[in-house]
Amino acid sequence: MSRVPALSIVGWSGAGKTTLLTRLLPELASRGLRVAAVKHSSDTHPLHRGGSDTARFQEAGACLTGFATPQGVQLTTGTAPTEALPELLIRLAGTLDLALVEGWKDGPLPKLEVWREGLGPPLASSRPEVFALVTDALVSSPSAARLLSPVDTRAIADALLEHLRPPRRAPLPPQDARGVASRPVRRWNGATLLPAEDDTIAVEEPLELRVNGEALATTMRTPGHDRELAVGFLLAEGLIRSADDLGTLSHCGRPGEEGWGNVLEVTPAPGVVIDPDPLKATRRGTLTTSACGVCGRRSVEDLLSRCTPLPPGPRLSPEVVARATERLRDVQRNFARTGGVHAAAALDADGQLLASFEDVGRHNAVDKVVGALVLARAPRASPAPPVALTRQPVLLAVSGRVSFEIVQKAVMARIPVIAGVSAASTLAIDLALRSHVTLATFVRNGRFNVHTHPERLESAQPRETPGP
């Protein structure tokens, strides 16, 4: 699970923690970093002036209490820092690069200590989590912490960034490595346009799908896992029913040729006819962008007509749904590098991961997941009884919003539960209701909203082990 890197600046009262932090903030900002600063106190202080309106709000039980002026907004919570700060660092992942906490010497964060003579002994001597000691009063460190001069702000910034820098990422698998590339970028930090540097960017390229040599559709996608993408697309469009309808799937041309890898030929199995005419008749064109699944359709009814309602069941714990999007963060290798791709994952009724993929288009990511399940022969034409669903796809987790097409693809793959990180559209909710799909949205931090068919979500009771 990703979170904002954070550390504490600790030391005795009067050591100069605030002074150091106010010097570090502009230095880090000049490097293009978005930095949050938090003041922590071990003493009990009222968060709002006694008798003030906001103090009365908090006393009345408000989960968050805010104070807004033309200069900004301040929000406070009554949750203890040991719970509130880690949750906040997870929630702000992607919007901040670093959080500096002044104080919290007993907290769990790595620590940079500021020390000067005349105060208590260095905290570093009793706290191994102190990685650096900012002082000019010592010639040797009392621990493994490195010594830093308090006047060298640049060196202090270098030290804390070096300590927080994540370990070198393992190379991506070849299929995933095709999805990232390097491009130059210059960052504006609010005051200066910084020099150009290489940035990792998500790749977007066209993939033309052909059936028996005839062009079927062109989609803009992240290269890699094209076979899965093609199979998921064919199933969603109703052109195949299972892997038994497929013969071969192969890229046209030869490696090294210009454009190789961007045309995929699909050959049906012997005796099977894949007829692209219904697809062409319901689309105004053959180009599908990375953001589009339903655009180009002549009528929404074209899609509704193929969404056969799912049968009741299976039942699963709400906790499985609540944790579903956390599994997405665990598998988003390209997103961690680029911040520019969506993800989808299929889980079983126990929340175990069955398949997961990333793509610049959320519809493509879902098609890749469904295609992988089809090739593994997981989706069944007629659903099995609930007792046999342990390793069957039961839940589709998606990043971003849940649109009509995401629900349609889940229905065609016979996946009865959808968990989305963001909101759903009205059409998505209407189709989920009509197709007997359980649709959960805003699945974050252990909570979610459920719009349709909540009867699949059993009360959070321990599962009983069947007797012999």
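**A short tour, starting at Glu 208**

Select Glu 208 to begin: this residue is partly exposed, with a relative accessible area of 22% (buried is under 20%, exposed over 50%, partly exposed in between, using a 1.4 Å probe and protein chains only). You're looking at a predicted model, where local features need pLDDT of at least 70, side-chain atom pairs count only at pLDDT 80 or more, and totals for chains, interfaces and linings use all residues. Residues are numbered from 1 along each chain as its sequence is written, and side-chain values use heavy atoms, leaving out hydrogens and water.

Now add Arg 210, partly exposed at 27%. Its side chain meets that of Glu 208 in a salt bridge, 2.4 Å from N to O (a Lys or Arg side-chain nitrogen within 4 Å of an Asp or Glu carboxyl oxygen). The whole structure has 14 salt bridges.

Next, pick Arg 31 and Asp 158. Their closest N and O atoms are 2.6 Å apart in another salt bridge. Arg 31 sits in the loop between helix 1 and strand 2 (35-39) while Asp 158 is in helix 4, so the pair ties together parts 127 residues apart in sequence (helices, H or I, of at least four residues and strands, E, of at least two are DSSP runs numbered from the N terminus). Add Glu 27 to see a salt-bridge network linking it with Arg 31 and Asp 158.

Now show helix 1 (residues 17-29) and helix 4 (residues 153-164), which pack at about 75 degrees with axes 10 Å apart. That makes the two helices roughly perpendicular (65 to 115 degrees; under 35 is roughly parallel, over 145 roughly antiparallel, the rest oblique).

Notes:
Axes fitted to C-alpha atoms, helices over the stretch in contact; angles between N-to-C directions.
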